[in-house]
Amino acid sequence: MDFNWDVEQQTFRSTVRVFLAANLPTDWESLAHGPGSEVQSTFSMKFCAELAKAGLLVPHWPKRWGGRDADPWTSFILAEEMWEAGEPRGGQYMNVNWIGPTRLQALLSELGGRGGQASAVAQHCFASVFGS
């Protein structure tokens, strides 16, 4: 059994690292005081919108809802890289991994059955859960 990441997985990890290098402020570590801080929450909304534009917010979701139909390992790699970077998604990691899949049924009804883009789903979930 081969426990190494395959080429596609290594490429995805590199893509996430390049994205983080380009989108995290140089003073990120001084700003990141945990997912509950006001600075973190404000930043995460903008950051997650950029993740969505890059196709990195919900790669494990179906394409019709803004994902990539990616396998669970892709989601695992994304989580590892975000954690190592100080979890710049803030509370959004809960939204897209735990709350979002549960809320999709209601959201799809609200959207008239149309699949929403990942950033719209994330904003809806954030507002629903955190009241922003």
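Visitor: Which glutamate forms a salt bridge with arginine 13?
Guide: This is a predicted model. Side chains of opposite charge can pair when their charged atoms come close. For arginine 13, the closest N and O atoms of the pair are 2.5 Å apart. The partner is glutamate 81.

Visitor: How many residues apart in sequence are the parts that this pair ties together?
Guide: Arginine 13 lies in helix α1, residues 7–23. Glutamate 81 lies in helix α4, residues 72–84. So the pair ties together parts whose separation in sequence is 68 residues.

Visitor: Are arginine 13 and glutamate 81 buried or exposed?
Guide: Buried means under 20% relative accessible area. Arginine 13 meets that description, and so does glutamate 81: both are buried.

Visitor: Which residues are linked with Arg13 in a network of salt bridges?
Guide: Arg13 and Glu81 belong to this network. The other members are Arg17 and Glu80.

Visitor: Where do lysine 53 and glutamate 50 lie?
Guide: These two form a salt bridge, with the closest N and O atoms 3.0 Å apart. They are 3 residues apart, about one helical turn. Their helix spans residues 38–53 and is α3.

Visitor: Is lysine 53 buried or exposed?
Guide: Exposed means over 50% relative accessible area. Lysine 53 has 66% relative accessibility, so lysine 53 counts as exposed.

Visitor: What is the relative accessible area of arginine 89?
Guide: Arginine 89 meets glutamate 87 in a salt bridge, at 2.7 Å from N to O. Glutamate 87 is buried, with a relative accessible area of 8%. Arginine 89 is buried too, and its value is 4%.

Visitor: How many aromatic pairs does a search of the whole structure find?
Guide: A pair of aromatic rings is described by the distance of the centres and the angle of the planes. The search of the whole structure gives a count of 6.

Visitor: What kind of pair do phenylalanine 19 and phenylalanine 47 make?
Guide: Their ring centres are 5.5 Å apart, and their planes stand at 65°. Planes over 60 degrees apart count as edge-to-face. So this pair is edge-to-face.

Visitor: Which helices hold phenylalanine 19 and phenylalanine 47?
Guide: Both residues are buried. The pair ties together parts 28 residues apart in sequence, because phenylalanine 19 and phenylalanine 47 lie in helix α1 and helix α3.

Visitor: Which residues form one aromatic cluster with Phe19?
Guide: Phe47 is one of them. The others in the cluster are Trp28 and Phe43.

Notes
Residues are numbered from 1 along each chain as its sequence is written. This is a predicted model: local features need pLDDT of at least 70, side-chain atom pairs count only at pLDDT 80 or more; totals for chains, interfaces and linings use all residues. Side-chain values use heavy atoms; hydrogens and water are left out. A salt bridge is a side-chain nitrogen of Lys or Arg within 4 Å of a carboxyl oxygen of Asp or Glu. Helices (H or I, at least four residues) and strands (E, at least two) are DSSP runs, numbered from the N terminus. Buried means under 20% relative accessible area, exposed over 50%, partly exposed in between (1.4 Å probe, protein chains only). Rings of Phe, Tyr and Trp (its six-membered ring) pair if their centres lie within 6.5 Å; planes under 30 degrees apart count as stacked, over 60 as edge-to-face and the rest as tilted.
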